[in-house]
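Keep the viewer open and the selection panel at hand. The stops below are given in the order in which to select them.

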Amino acid sequence: MTRAMYMSKLYAPTLKEDPADAELASHRLLLRAGMIRKEAAGLYSYLPLAWRSIRKIENIVRDEMDAAGAQELMMPIMVDAELWRESGRIDAYGKELVRFDDRHGREFVLGPTHEETVTALVRNELRSYKQLPVNLYHIQDKFRDEFRPRFGLMRGREFIMKDAYSFSATQESLQEEYDKMKQAYANICERCYIKALPVVADSGEIGGDTSVEYMALADAGEASLVYCDDCGFAADDEAASTKVVVTEGPGDGTLTKVETPGMGTIEAVAKFFGFPENGTRKSLALIDAEGKPVVAIVPGDHELNDCKAEHVFGKGYRMMTDEELQANGLHKGFIGPVNLPDGIRLVCDESLLDSKQWACGANEVDYHFTGACPERDFTVDEWADLVTVVAGDPCPHCGKPLSAARGIEVSQVFQLGTKYSEAMGATFMDEDGKEKPLIMGCYGVGVSRSLAAVVEQHNDEHGIVWPVSVAPYEVAVIPLDPKKEECATVCEQIVDGLCAEGIEVVVDDRDERPGFKFADNDLMGFPYQVVLGKRGLKNGTVELKDRATGEREDVAIDEVVAKVAELVKAARR
């Protein structure tokens, strides 16, 4: 039998006003509802109500992971820095990785993720193909020293994550584990009532060749994504690829130099020629990761994608300074592929591959070319996927126009392959007696992020609207006059009955006016409210309110326990 919580004892200090630094609904409402408190930038304490919801999310994750055959363990957050040197990530990860020495002068890191730790853990234990596959997971605090922590639980420095790691003997086995995790993650989103799309993603610092993110759709989401309503394709803008439909530039196809005084922007050039921006070519002067000059060219109405550019030009590439432009013989606003100075690498977006009539800079101040043709008028060193895909671009699968949305990354799955096992000497003996590196997968769920995502998707002007499956309490019993004997007696009867049914109950027994109680309970967002008012008690009824719909109905006192229990149990996942 569950026990009820009484608000006179509950530690949930609510706020009347929105905190000044809270930009997102989830940040604002979790603070106002007395569920989290900020300790420092990107660091939060989870108060009792939020912690109950966190534990429910964790248990849903455990259910799905265990059902998929994964095994739970716990690894330390403090990791020997030598493991990160073995993998080659200790410097590549950047300043987000917190490094420190213990009292003996031995260097450690705070684990932002645990690929190195788990690989070291199994490399002397999983020695035969007969032991594989194995999938291990833990739920733990992580720490990443974000340069600009913001949006409450969305982009914190300390956060709660479930990370899992699979080890397989074959690519086919890895694919099976990967597919099981994708299904488990879809189930987790469904059970947490998070509306999410599985989107093709970039693997980032984790590595690997294949990755899918589960993005909770939210207007305030930090990530941009594109999706197709026709075939179901979805990808974040760091990984989305398509062949942008481009217009041929003005002119008759003959290379023609045109004076364009002061027109150093795409907008100005397009307006001058009376042509859409899509018919122009945007040239960007860069310095790659090796310090060498590059000119990248994309369709005029699209932007260079930073993540894709890192893959082509190396992490740390950047735009040229004015001094570097001058040193390389380039003129800002008038850069183009024709007569490009020697020693500059030319990389063009692959969507321009079939375009034979470009409007572009002439590498001379106040001049542009029309009719510039690749191979005839200039040579491209490399064609690459460079642009950020936007709404209206064709779906790479079916060709229909893509739609755009914003999302919150709540989970991600990766196929790591042998990136870590090769670097760290994690091998096994296959059935032919040959030593081979373990083939790995990596699977992460942002538990604290999922809490915020639920609130982002389930709120209204009055506060949070918790789904039953992750609500801190399922029912609030609100006696409007708890000191009156009749009200107290009926309240105790209903509370005892609900607890006997296994329903999680919070009782607002505070000596406050009704309006205050109603506002607080709506703010905290418990799925159902049972209100004990003077008039209803006189008629032998109580009021039952559905927080999500706002619907209210009078229910006989003797029937309310059974009705509420039925509603709650039907809504649990």
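Select helix 2, residues 48-67, together with helix 10, residues 447-457: the two pack at an angle of about 110°, and their axes lie 9 Å apart. Note that the model on screen is predicted. Angles from 65 to 115 degrees count as roughly perpendicular, so helix 2 is roughly perpendicular to helix 10. The crossing of this pair is right-handed.

Next, show the side chains where the pair touches. On helix 2, pick Ala-50, Ser-53, Ile-54, Ile-57 and Glu-58; on helix 10, their partners are Val-447, Ser-448, Ser-450 and Leu-451. Coloured by class, the contact of helix 2 with helix 10 shows five nonpolar residues, three polar and one charged.

Keep Ser-450 selected for the next stop, since this residue of the helix 10 contact is also among those that line the largest cavity. How many cavities of 30 Å³ or more are there? The count is one. The largest cavity has a volume of about 40 Å³.

To display its wall, select Tyr-185, Ile-188, Cys-189, Ile-194, Val-410, Ser-411, Val-445 and Ser-450. Two elements each give two or more residues to this lining: helix 5 (171-191) and strand 22 (403-417). Which element supplies the largest share of the lining? Helix 5 does, with three residues. By class, the lining of the largest cavity has six nonpolar and two polar residues, and no charged ones.

Now clear the selection and move to the second helix pair. Choose helix 11, residues 485-500, and helix 14, residues 557-571. Their packing angle is about 30°, with the axes 9 Å apart. Because angles under 35 degrees count as roughly parallel, helix 11 is roughly parallel to helix 14. Which hand does the crossing of helix 11 and helix 14 have? The crossing is right-handed.

For the contact itself, show Val-490, Gln-493, Ile-494, Gly-497 and Leu-498 on helix 11. Opposite them, on helix 14, show Ile-557, Asp-558, Val-560, Val-561 and Val-564. Here the classes divide into seven nonpolar, two polar and one charged.

As a last view, put both helix pairs on screen together. The pair of helix 2 and helix 10 has an angle of about 110°, whereas the pair of helix 11 and helix 14 has about 30°. The axes are 9 Å apart in the pair of helix 2 and helix 10, and 9 Å apart in the pair of helix 11 and helix 14.

Note on methods
Residues numbered from 1 in each chain as written. Predicted model: local features only at pLDDT ≥ 70, side-chain atom pairs only at ≥ 80, totals over all residues. Heavy atoms only, no water. 1 Å grid on protein atoms, 1.4 Å probe; cavity = no way out; pocket = protein on both sides within 12 Å on 5 of 7 lines; lining within 4 Å. Points joined across faces, edges and corners; volume = space filled by probe spheres on them. Helix = DSSP H or I, 4+ residues; strand = E, 2+ residues; numbered from the N terminus. Nonpolar A, V, L, I, M, F, W, Y, C, P; charged D, E, K, R; others polar. Axes fitted to C-alpha atoms, helices over the stretch in contact; angles between N-to-C directions. Parallel < 35°, antiparallel > 145°, perpendicular 65-115°, else oblique. Left-handed = near helix turned anticlockwise from the far one by under 90°. Contact = heavy atoms within 4.5 Å.
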